[in-house]
Amino acid sequence: MRVVLLGTAAGGGFPQWNCACALCTSDAPPRTQDCVAVSADGKNWYLLNASPDIRAQILATPALRAGPGPREIPLRGVLLTDAELDHSLGLLLLREAGGLPVWAPDAVLRALSDQFPARSIIDGYGGWDWLPASGIALDGLRVSVLPVSDKRPKYARSSTEDGPWVVAYRIEDLQTGGVFVYAPCLKSWPDGFDEFTGGASLVLLDGTFFAPDEMSGATRAKVGDGAQLAMGHLPITGSLAKIRPGPRWAYTHLNNTNPVVDPASPEHAAVLDGGASVPGDGTEFKL
Ligand code: MLT
Ligand code: MN
Ligand code: ZN
């Protein structure tokens, strides 16, 4: 299985377009918004989430570009972990695909019908399939799903919809036995996550924040601890303590406040010391 990290930043990207903090004005390498492409055979590709940067991400990735026929594309479908805008806005940018399956938790499918009506907009362009995140069948890949939290997007705050709102995916290559776990949004270390990541070759974790007080401390952004907590992201200091030998562990969905975006920072070094990594955009893994 090929796993390509198309983007590795949280919503807004890095540098964040509306931020002039010390990190955003530093020389730390830029990152586009979190999105991953996977393929068992290098020909049929599936997206994990659809970032607002998807057009540039596809054009930057030779395997995802159109061809060999004049209007053929290698994209075969999209799996959503949640309904956040940084993970779903890209669906609108793929509307010319004219017919892709999208798998997502039920609450996410309904949010995309009602509160952020991407589904009805795209259906105006024709033929997409909106499918529950169960019994997912991809070319050469077996997928299992773990509900990980009920964190709903801000735009869906008034929704009475029951969760789960957020899931993680475990994707196994039936031929090589390689296993990739994608969990870019974790509120806590979820029940069953040790088993879910058991025997995995690569686990990509929520790296939004390094520390629990980051938004009020490190960058002096004018938001309180409550705001960061409400964003529902387990900080790296919490998850790093939980990882164990076996899989390769890596972080994605890095917020612009997260000091690990600077490869020279002590926090970046602490992640490496803890047995994980912070790969950049375009990194490819073969599992
Ligand atoms: C998140 O991951 O917490 C959201 O994407 C935040 C946002 O709305 O940008
Ligand atoms: Mn996000
Ligand atoms: Zn910033």
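The lining of the second largest pocket in this predicted model comprises 13 nonpolar and 4 charged residues, with no polar residues. In total, 17 residues line this pocket, and those nearest its centre are Ala-66, Ile-73, Leu-94, Glu-96 and Ala-97. Helix α1 (residues 54-59) supplies the largest share of the lining, 4 residues. The volume of the second largest pocket is about 510 Å³.

The zinc ion (ligand 3) is held by three sulfur donors, Cys-19 (SG), Cys-21 (SG) and Cys-24 (SG), together with the ND2 atom of Asn-256, at 2.2 to 2.5 Å. The angles among these 4 donor atoms run from 88 to 132 degrees, and the geometry of the site is tetrahedral. Along the sequence, the donor residues follow the spacing C-x1-C-x2-C-x231-N. Distant parts of the chain are thereby linked: Cys-24 belongs to the loop between β1 (2-7) and β2 (35-39), whereas Asn-256, 232 residues apart from Cys-24, belongs to the loop between β12 (248-252) and α9 (266-273). Cys-24 and Asn-256 are both buried.

For the manganese ion (ligand 2), the protein donors are two OD atoms of Asp-86 and the NE2 atom of His-253, at distances of 2.2 to 2.8 Å. This pair also connects distant parts of the chain, with Asp-86 in helix α2 (residues 85-88) and His-253 in the loop between β12 and α9, 167 residues apart. Both Asp-86 and His-253 are buried. The loop between β12 and α9 thus contains a donor to the zinc ion (ligand 3), Asn-256, and a donor to the manganese ion (ligand 2), His-253.

Definitions and conventions: Residues numbered from 1 in each chain as written. Chains lettered and ligands numbered in written order. Predicted model: local features only at pLDDT ≥ 70, side-chain atom pairs only at ≥ 80, totals over all residues. Heavy atoms only, no water. Donors = N, O, S within 2.8 Å, 3.2 Å for Na, K, Ca; no water. Tetrahedral: all angles 85-135°; square planar, octahedral: opposite > 155°, others 65-115°. Helix = DSSP H or I, 4+ residues; strand = E, 2+ residues; numbered from the N terminus. Buried < 20%, exposed > 50% of the residue type's maximum accessible area, 1.4 Å probe, protein only. 1 Å grid on protein atoms, 1.4 Å probe; cavity = no way out; pocket = protein on both sides within 12 Å on 5 of 7 lines; lining within 4 Å. Points joined across faces, edges and corners; volume = space filled by probe spheres on them. Nonpolar A, V, L, I, M, F, W, Y, C, P; charged D, E, K, R; others polar.
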